[in-house]
Amino acid sequence: MKLWVLRHGEAEPRANSDAERRLTAHGREQVLRSAAHLLGQPLQAIIASPYVRAQQTAALVHGALGFAEPVRTVPWLTPDSDVQQVIGEVERLGLEHVLLVSHQPLVGSLVGLLEHGHGQQPAPLSTASLAELEGDWPLAGLMTLRGLRHSS
């Protein structure tokens, strides 16, 4: 299985709520640079947080890749979602090539747990950072971090 974890691009510092923060122009550029690393990958699903900035990020990737399937929006990819629940949900999908679009601290904790098997080493994902993990199962400590690309 290959799992890509993408943190949303740079977002506005303020909005009526955290969930309503939108990408900045720089954030959209960051996302498109990260999306270029996904060209040619056999993605089966793009799954995103319901927060506006993650939805915008997923839509940009979707368009850049010409992805046929619609973006799936799920409630379990918000900043403070439970990492173990996310792993369980990804496993239940039964897919081999998945892109998750979400937020810190969730993305760092998720990548760290899948790679190391514990939550003591979260991965340093800045805005629009893309982590590529590979393994037989999406279980704690059983995936290998194949790449971590940061967008400037």
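Author: Two strands count as paired if DSSP finds at least two bridges between them. The model discussed here is predicted.

Reader: Which residue in β3 does I47 stand opposite?

Author: β2 (45-48) is the strand concerned on one side, and β3 (72-73) is the other. The two pair in the parallel sense, over two bridges. Opposite I47, in β3, stands R72.

Reader: Which are the edge strands of the sheet?

Author: The sheet is open and has six strands, with mixed pairing. Its order is β3-β2-β4-β1-β5-β6. An edge strand pairs on one side only, and the two that do so are β3 and β6 (144-149).

Reader: What angle does the direction of α3 make with that of β4?

Author: Helix α3 spans residues 83-93 and strand β4 spans 97-102. The helix packs on the sheet, where it touches β1, β2, β3 and β4. Its direction and that of β4 make an angle of about 145 degrees.

Reader: Which residues of α3 are buried?

Author: Among the elements that cover the buried residues of α3 are β1, β4 and α4. Buried here means under 20% relative accessible area. The residues of α3 that are buried are V83, V86, I87, G88 and V90.

Reader: Which residue caps the N-terminal end of α3?

Author: The cap involves a side-chain oxygen that lies 3.3 Å from the backbone nitrogen of Q84. That oxygen belongs to D82.

Reader: Is S81 buried or exposed?

Author: S81 sits in the loop between β3 and α3. Neighbours within four places in sequence aside, it is in contact with P75, W76, V86 and L106. Its relative accessible area is 14%, so S81 is buried.

Reader: With which side chain does the side chain of S81 make a polar contact?

Author: The S81 side chain also reaches a backbone atom, the oxygen of W76, at 3.2 Å. Its polar contact with another side chain has a distance of 2.9 Å, and the partner is T78.

Reader: Which element supplies the largest share of the largest nonpolar core?

Author: This core has 26 residues, of which L3, V5 and L100 touch the most other members. At least two residues come from each of β1, β2, α3, β4, α4 and β5. The largest share is six residues, and it comes from α4.

Reader: Which residue of α3 does L3 touch?

Author: Residues up to four places away in sequence are left out of the count. L3 then touches V98, L100, L114, A131, E132, L133 and M143, along with one residue that falls within α3 (83-93). That residue is V90.

Conventions
Residues numbered from 1 in each chain as written. Predicted model: local features only at pLDDT ≥ 70, side-chain atom pairs only at ≥ 80, totals over all residues. Heavy atoms only, no water. Core = buried A, V, L, I, M, F, W, Y, C linked by side-chain atoms within 4.5 Å. Buried < 20%, exposed > 50% of the residue type's maximum accessible area, 1.4 Å probe, protein only. Helix = DSSP H or I, 4+ residues; strand = E, 2+ residues; numbered from the N terminus. Contact = heavy atoms within 4.5 Å. Polar contact = N/O pair within 3.5 Å; in protein donor to acceptor, adjacent residues only side chain to side chain. Axes fitted to C-alpha atoms, helices over the stretch in contact; angles between N-to-C directions.
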